[in-house]
Amino acid sequence: LVSFSSPLAMRQNFSLSVVLVCCFALSGEASVPWSDLNIVVVTDVHSWISGHKHQEEFDVPRDANYGDLFDFYSHLKQEAAQTNKDILLVNNGDIVDGTGLSFPYGFDLTPLLQLMPFDLVNTGNHELYQDVTIQNINSAGGFADSFKGRYVTSNVLNSTTGQNLGTNFTILNGSASGRQYATFGFLYNMQNHCPAVIVKTVENAIIEPWFHSALQQGEAAIILAHMDVKHPLVYTILQRIRGLMGSDYPVVFLTGHTHYRGYEALDDYAVSFEAGHYFDTVGFISVGLPGSAVPANAKPQFSHLAIDANRATLASVAGVSLDALETPNGTQIKAAITEVRNQLNLDERLGCNPSTLSHYEDPIW
């Protein structure tokens, strides 16, 4: 079971959006389009890990929280093991700034995130505005340490040590196939960051020898890129990969920062997928790799889903009842979130604005 400290010790109806590259039809109970490599992704959550229980503007309630995400992923991981499929859970950054759970500087938030079984975590720009946020992330036994080599910050360095804030890349072994995947975490060329970090330009980072070496160790590349699904730097990275590895090296970009659901086929062997924001979406993308799901000389097949972060939807997609969705670990994570919210009085209603204000055009995001 998941173990966690108390908050005092921590202190600080159904809707499914589907867009596929290959044809995929939902029939009967909804499911995910399984293939060789399968990735569940969240991005730009901005501390909305307890869901949106007070927001009524969604056509389908976004009532899922990170405990439900844990449950959902657990069921998919079990099915993947039974069918010999590789599966990963990744977080593409911007974990802080958004709700009371994040104030101040993520001190109460990061211990909750450490309960999640993320295989890869990237940094977003919002983690890099305050030195004290970096100190929290880098504290001994804290966020970065808990994810070890899975916190991948390919072009973001600690300015004191000159070393990557996390690691510059990691090679993940497929849970079922034994395939090796070269994985990276890039941030756009951010300039207004705090003094505690250095952000290398993406253009400079990808010409360093380690980038080519990492690509050579993988049968495909998974690139967390905290930038728009069609950002010019996505194409810059892809062009470099094509020059180093050839035109038939499979690449999956998991993008973000611009807070919408987006998808782009970059070429026959590469795609870019952005999975919403504020935990309104649980993204799923699968890749049929040549020599396995598709013939050896064929092109890879990419499929993806943008799933509403709704408990009933997650249960249906996982192929279980709402009651059966829950797991002991997920229940503990929900309890931990609730305990922190109670300590911070986040569920005490202080008032309600009579007008509806849009935050989707707010330029600060």
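Mentor: Buried means under 20% relative accessible area. Keep that cut-off in mind; this is a predicted model.

Trainee: Is tryptophan 210 buried or exposed?
Mentor: Its relative accessible area is 15%. The cut-off for buried is under 20%. Tryptophan 210 therefore counts as buried.

Trainee: Which helix holds tryptophan 210, and which strand holds phenylalanine 184?
Mentor: The two residues form an aromatic pair, 6.2 Å centre to centre. They sit 26 residues apart, so the pair links distant parts of the chain. Tryptophan 210 is in helix α7 (residues 209–216), and phenylalanine 184 is in strand β7 (residues 180–187).

Trainee: Are the rings of phenylalanine 184 and phenylalanine 186 stacked, tilted or edge-to-face?
Mentor: The structure holds 16 aromatic pairs. In this one, the ring centres are 6.3 Å apart and the planes meet at 25°. Planes under 30 degrees apart count as stacked. The pair is therefore stacked.

Trainee: Which residue stands opposite phenylalanine 186 in β9?
Mentor: Phenylalanine 186 is buried. Strand β7 pairs with β9 (residues 220–226) in the parallel sense, over seven bridges. Opposite phenylalanine 186 in β9 stands alanine 225.

Trainee: Which strands are the edges of the six-stranded open sheet?
Mentor: The order is β6-β7-β9-β10-β12-β11, with mixed pairing. An edge strand here pairs on one side only. The edges are β6 (170–173) and β11 (261–267).

Trainee: At what angle to β7 does helix α7 run?
Mentor: Helix α7 lies across β6, β7 and β9. Its direction relative to β7 is about 145°.

Trainee: Which residue in β14 stands opposite phenylalanine 284?
Mentor: Strand β13 (residues 281–288) and β14 run antiparallel, joined by eight bridges. Strand β14 (residues 301–308) is mostly covered, with seven of its eight residues buried. Opposite phenylalanine 284 stands leucine 305.

Trainee: How far apart are the end C-alpha atoms of helix α11?
Mentor: Helix α11 (residues 328–343) has 16 residues. At 1.5 Å a residue, the expected span is 22 Å. The model agrees with that, as the end C-alpha atoms are 23 Å apart.

Trainee: What arc do the buried residues of α11 cover?
Mentor: The buried residues include Ile333, Ile337 and Val340. The buried set lies on the same side of α11, because it covers an arc of only 160° around the axis.

Trainee: Which residue just after α11 takes a positive phi?
Mentor: Look just past the end of the helix. The phi there is about 55°, and the residue is asparagine 345.

Methods: Residues are numbered from 1 along each chain as its sequence is written. This is a predicted model: local features need pLDDT of at least 70, side-chain atom pairs count only at pLDDT 80 or more; totals for chains, interfaces and linings use all residues. Side-chain values use heavy atoms; hydrogens and water are left out. Rings of Phe, Tyr and Trp (its six-membered ring) pair if their centres lie within 6.5 Å; planes under 30 degrees apart count as stacked, over 60 as edge-to-face and the rest as tilted. Buried means under 20% relative accessible area, exposed over 50%, partly exposed in between (1.4 Å probe, protein chains only). Helices (H or I, at least four residues) and strands (E, at least two) are DSSP runs, numbered from the N terminus. The expected span of a helix is 1.5 Å times one less than its number of residues. The arc is that of the directions from the helix axis to the C-beta atoms. Two strands pair if DSSP finds at least two bridges between them. Contact means heavy atoms within 4.5 Å. Axes are lines fitted to C-alpha atoms, for helices over the stretch in contact, and angles run from 0 to 180 degrees between N-to-C directions.
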